[in-house]
Structures are given as structure tokens and as C-alpha cells.
Amino acid sequence: MATLQAIKYSRGKLLVLDQLRLPHENHYDEVSTAEEAFDCIRSMRVRGAPAIAIVAALAHAVELHNGDCTATEPEEVIAHIEKKLDYLKESRPTAVDLSNAITLLKLATRAANLEGLAHPEAKEAILNTYIKTAEEILAKDLHNNTSIGSHGAAWLQQQYNASFERPISVLTHCNTGSLATSGHGTALGIIRTLHSEGLLKHAYCTETRPYNQGSRLTSFELVFEGIPSTLICDSMAGALFNLHRERMNIGAVIVGADRVVRNGDTANKIGTYQLAVLARHHGVKFVVAAPTTSIDLETETGSAIEIEERKREELTQISGAIVSEDGTVDTSKTARVAIADQRIGVWNPAFDVTPHELIDAIVTERGTVVKGADGKFDFSQVLPERLASIAARQL
């Protein structure tokens, strides 16, 4: 089944779906500079940790392809690239995929083979290395997402002995599908795989205040693909588990992640933590779906994660298409309205951190990680080389 595309790329051209216009309008912005990418990410026209990293990497690839870099000396070319990458890193500091992608791009660029090349050819080699590496980030993400879907669906099937005769229902938060990635998705990718294998009874999604990624984006994806689904507001999750868990066979809350640290603490969209608490109380599995690029082994616990705080107007105002008197939606007309007293103080963290004690499984493209007898997550099976590198530095 065809899925939505948040990112359309060909060498020298990048189109990014403006997610602020969804679900009523599909509009792609052409993003051709690092500055345009920064604005696109910061304004949340594109969001989702994998998609953010991809857009940042590819936007700079586009401007390099189109002649942005006027430096000629190899070290000056590398300095130009690294300056732009450092700038892009500040667009969404909580999402570790972005910093991991930037680290990868810097290493690849510095490792470009310049042996025997004069300055014009050396510059070309550096630029081509960067562009190729950025394109590989895009291609790898799609492969990772389908693997996450397979691993997550298999783990849940085993936990509940799910079958065509007894499918399970799940709840998801925020948007973790094709719109947050290069395609298929992470948490929503598991839901897609469950559905395709006949193991999904129903998918519930939260509206995900204050930016409504669940109601605007996830519900749009679920309806687009014909997955049986229901939208609830964030404060209804406890009642859903209490009243419908047994009848609907609700087996799991499945969420994505902006950053998973070494002990398994997970930063994700605000509201994730409270869902984990409710899931534990009601005996529902809590599953984090994240590519290994979202795992930060350098940070020991969630207390060290920088939490982005966003502007007050996201809570006190809202935009949308106009609903006519007959109930039809007029997408040609939009309005921004106040939904709170504009004088009230506002606290608007974009993320919260769910303690690892409340997480049952972390699903990656390399497999599903569960806690050992000591109650701790061990990432050695999915990230042995990265753990070995950290251990070597500590000697």
C-alpha cells in the first residue's frame, strides 16, 4: 500500500511536506539551503527525529551541489561544511538523530580520499563524499523502519499470542509514521506491520497537545491507509484502559523516541511519561520504537537530556481550516484563534523523559531489547561496536 511521503529528494532538489497544513492540504516546500532547513525544522513544518536529521543533511547536500561553497582549499571546504552543520544542530537540540547524523557527516567528509588530487578535484571529492553520505542516511532510514516494524510486531505477537482470531489493540502517541521518517515509520511502523499481518484489532491515537501531531497527522495516516482507528484526547487514556482494555484486548502503548540514553530512559513528545505510568498501572506493555541512531550511549541517564521549551502561543492559540455552517471544511480559509486568556503564564516543554523502569521493550532495526534480571537494558546485542568504542576511550 502506498504511504505518505514527508520528504521527496533527487540530487540537487529537496521537497518537504509542510505538516502544519495537514490534514487539509498537501503542500511541499522546496528547501535548498541550511537556513531554509533550520526554519523548516524549528517551525515544525517537518518533525520527527529521523525526518529532522534527513532534512538537515539533505538540505546542505542540495546547497553544496548547487555551488554554495566558494572555498577552494580542502580544509576551508571542510570548515564551511562543519560550520553549516553546527548551525543546523541548534534547530532541535533534543533529537539525537540530528546530532548523530551531523557527527557521521563530519567524519565522512574528513575521511574523503584526497590522495593525489589537486585543489579543484579535492574539493569535488569532499563535496561528493558529503552528498553521498547524506543520501545514504535517507536510504538507510527506510530500511531501518521496516525492520523495526517486523521486530516490534513479532515481539508483541509473542507476548500476547496474538492471531487472526485474537488480534490486539494498541495506543500510540504523537506521530511516528511516514510523516516523521523517510517512510513506514517507527512506532506507527509496528502498527502498520501488525495490521498487514492480520494481528491488529484497533489502533488508538492521542491528539497530542499542544501541537496536535496525533489528531492532525497520525489520524490522517491511519485513515489514509484504512487502519481501524480511533482518536482520543490525551486525558482519556486512563479511562480507555480502565473501560475497554479487556474488551478490545489492548496490549501495548507504542511510542517513538527523540533520544534513548544508556540506561533506557527515553525522551519523547510531552505526555509520553504519563502514558507509561497509566500503562504500568493497567498491565499494558509499554514499548519504545527507535532506530539505533536515536540511542545515545554517551549519556548515562535521562536527567542529562536537554529539554527544549517552546513558545507560549502553542498552548494559548490554535490555527485551522474554517468549518462552514453545513459542516464542510473550507481549506481555502484558515483562522488563528485564542483558546486561553492570553495573559496566563505558560510552561511548554516539548518533551518529557520516561524512566526506564516503566519501559518493557525498546525495539530497534537490529532487534528488540528487553531488561535483564537486574532490571536494566543492555544494548550490547544491538550496538556492540559503539559500546566497545566507549569502553576503549575509558581505559
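Let's start with an open sheet of four strands, whose order is 11-8-9-14 and whose pairing is mixed. Strand 11 (295-296) and strand 14 (351-354) are the edge strands, each pairing on one side only. Keep in mind as you look around that this is a predicted model.

Inside this sheet, strand 8 (residues 259-261) and strand 9 (residues 266-269) pair in the antiparallel sense, over two bridges. You can find one partnership by eye: arginine 259 has alanine 267, in strand 9, as its bridge partner. Helix 9 (residues 272-282) packs on the sheet and touches strand 9 and strand 14; the helix direction makes about 35° with that of strand 14. As a reminder, strands of a sheet pair through backbone hydrogen bonds, either parallel or antiparallel.

**A sheet of three strands**

Now look for the open sheet in which three strands follow the order 1-2-3, with antiparallel pairing. Here the edges are strand 1 (7-10) and strand 3 (28-30), each paired on one side only. From one strand to the next, the twist averages 20°. Strand 1 and strand 2 (residues 13-17) are joined in the antiparallel sense over four bridges, and serine 10 stands opposite lysine 13 in strand 2.

**Helices that pack together**

Two helix pairs are set side by side below.

| Helix pair | Angle | Axis distance | Crossing |
|---|---|---|---|
| Helix 1 (residues 34-42) and helix 2 (residues 49-65) | about 160° | 8 Å | right-handed |
| Helix 2 and helix 5 (residues 119-160) | about 150° | 9 Å | left-handed |

How are helix 1 and helix 2 oriented relative to each other, roughly parallel or roughly antiparallel? Their packing angle is about 160°, and angles over 145 degrees count as roughly antiparallel; helix 1 and helix 2 are therefore roughly antiparallel to each other. On the helix 1 side, the contact is made by Ala34, Glu35, Ala37 and Ile41, and on the helix 2 side by Ile52, Val55, Ala56, Ala59 and Glu63. Sorted by class, this contact has seven nonpolar, no polar and two charged residues.

Helix 2 also packs against helix 5, at an angle of about 150°, which makes helix 2 roughly antiparallel to helix 5. Helix 2 residues in this contact include Pro50, Ile54, Leu58, Ala61 and His65, while those of helix 5 include Leu127, Tyr130, Ile131, Ala134 and Asp141. By class, the contact of helix 2 with helix 5 has 13 nonpolar, two polar and two charged residues. A handy rule for reading such lists is that an α-helix has 3.6 residues a turn, so residues three or four places apart point the same way.

How far does helix 5 reach from its first C-alpha to its last? With 42 residues, helix 5 reaches 61 Å, close to the 62 Å expected at 1.5 Å a residue.

**Backbone details to look up**

Most residues other than glycine have a negative phi, and most peptide bonds are trans. A few places in this model depart from that pattern. Asparagine 161, which follows helix 5, has a positive phi near 50°. Methionine 44 is not a glycine, yet its phi is positive at about 65°; methionine 44 is found in the loop between helix 1 and helix 2.

Which peptide bonds are cis? One runs from leucine 22 to proline 23, with omega near 10°, and proline 23 lies in the loop between strand 2 and strand 3. Another cis bond joins arginine 209 and proline 210, where omega is about 5°. Proline 210 sits in the loop between strand 5 (200-206) and helix 7 (213-224).

Notes:
Residues numbered from 1 in each chain as written. Predicted model: local features only at pLDDT ≥ 70, side-chain atom pairs only at ≥ 80, totals over all residues. Heavy atoms only, no water. Axes fitted to C-alpha atoms, helices over the stretch in contact; angles between N-to-C directions. Parallel < 35°, antiparallel > 145°, perpendicular 65-115°, else oblique. Left-handed = near helix turned anticlockwise from the far one by under 90°. Contact = heavy atoms within 4.5 Å. Nonpolar A, V, L, I, M, F, W, Y, C, P; charged D, E, K, R; others polar. Expected span 1.5 Å × (residues − 1). Pairing = 2+ DSSP bridges.
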